[in-house]
Amino acid sequence: MGNAFGSSVAGPRVRLSNGGSDVFLDVLALAACELAETGFQRGFALLLCNSRIGLGNESFDLDELPWPSVGWEAERGFLLRVIGLAKARFRWEMLSYEPPYAEKYLADYEEVVRDYRPPAEPVELPRMWDPEPAATAFTRCREHGLFLGDYTDCRVCS
């Protein structure tokens, strides 16, 4: 089936197989959990950690993220920093596999995010973005540093 990451309203999307999506989300999650500070940033990192249903259900749309009406550029900058840290192979040695195509996925996604502008009207939040997650969702895996999320286990360990 596959997954798409990008903007269905305002532009291009990166389309990945289910396996490619797992790799993409793993390397982004490693970076995002390291950099996340604000509520938006922690929510984005948690979205990555929770995205592991599989079978073509891991997509998320940039338009559906709860972008602040003021200061969204700073949060887009966060996404670009996450992508940059992931492209630098941050903690990839902790993965149980070698992600040979991850750099291409990240480069493609970086282009999408760099050109992205949130829609003027807010879009309804997706089912996977909880505006008030339980504090326990932010508990970190001792080995990988990822948020355990709603499934209470690490996406890389499982």
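**Briefing: a chain of four helices and three strands**

Arg91 lies in the loop between α3 and α4; helices (H or I, at least four residues) and strands (E, at least two) are DSSP runs, numbered from the N terminus. The model is predicted: local features need pLDDT of at least 70 and side-chain atom pairs count only at pLDDT 80 or more, while totals for chains, interfaces and linings use all residues. Residues are numbered from 1 along each chain as its sequence is written, and side-chain values use heavy atoms, with hydrogens and water left out.

**Overall fold**

- Four helices and three strands make up the secondary structure of the protein chain.
- The order of these elements along the sequence is β-β-α-α-β-α-α.
- The protein chain has 158 residues, and 51% of them count as buried (under 20% relative accessible area; exposed is over 50%, partly exposed in between; 1.4 Å probe, protein chains only).
- Among contacts (heavy atoms within 4.5 Å) in the protein chain with a separation of 6 or more, 68% join residues 24 or more positions apart.

**Helix packing**

- Helix α1 covers residues 18-35 and helix α2 covers residues 39-50; the two axes come within 9 Å and cross at roughly 150°. Axes are lines fitted to C-alpha atoms, for helices over the stretch in contact, with angles from 0 to 180 degrees between N-to-C directions.
- α1 and α2 are therefore roughly antiparallel to each other (over 145 degrees; under 35 is roughly parallel, 65 to 115 roughly perpendicular, the rest oblique).
- On the α1 side of this contact are Leu25, Leu28, Ala29, Ala32, Cys33 and Leu35, which meet Gln41, Ala45, Leu48 and Cys49 in α2.
- The axes of α1 and α4 come within 10 Å and cross at roughly 75°, so these helices are roughly perpendicular to each other.
- In the contact of α1 with α4, the residues from α1 are Gly20, Val23, Phe24, Val27 and Leu28, and those from α4 are Ala102, Tyr105, Leu106 and Tyr109.
- For α2 and α3 the packing angle is about 40° and the axes are 10 Å apart; this pair is therefore oblique.
- Phe40, Gln41 and Phe44 in α2 meet Glu75, Phe78, Leu79 and Arg81 in α3.
- Gln41 is thus listed in the contact of α2 with α1 and in the contact of α2 with α3.

**Nonpolar core**

- The largest nonpolar core holds 48 residues, of which Phe24, Leu28, Leu62 and Tyr109 touch the most other members. Such a core is a set of buried Ala, Val, Leu, Ile, Met, Phe, Trp, Tyr and Cys residues joined through side-chain atoms within 4.5 Å.
- At least two residues of this core come from each of β2 (13-16), α1, α2, α3 (72-87) and α4 (102-114).
- α1 supplies ten residues, the largest share of the core.
- Leu28 touches Leu48, Val82, Ile83, Ala86, Leu106 and Tyr109, residues up to four places away in sequence not being counted.
- Leu28 also belongs to the α1 residues that meet α2 and to those that meet α4.

**Loop between α3 and α4**

- Arg89 is found in this loop, as is Arg91.
- Phi is positive in both residues, neither of which is glycine: near 65° for Arg89 and near 60° for Arg91.
- Most residues other than glycine have a negative phi.
- Arg89 is partly exposed, with a relative accessible area of 34%.
- Arg91 likewise counts as partly exposed, at 23% relative accessibility.

**Two buried residues**

- Ala4 lies in strand β1 (residues 3-6) and counts as buried at 5% relative accessibility.
- Beyond its neighbours within four places in sequence, Ala4 is in contact with Arg13, Val14, Arg15, Ser59 and Phe60.
- Ala4 and Asn18 are 14 residues apart along the chain, with 9.9 Å between the C-alpha atoms.
- His144 lies in the segment after α4 and is buried, with a relative accessible area of 4%.
- Residues up to four places away in sequence aside, His144 touches Leu30, Arg91, Met94, Cys154, Val156 and Cys157.
- The partners of His144 thus include Arg91, which lies in the loop between α3 and α4.
- From His144 to Leu95 the C-alpha separation is 8.8 Å, across 49 residues in sequence.
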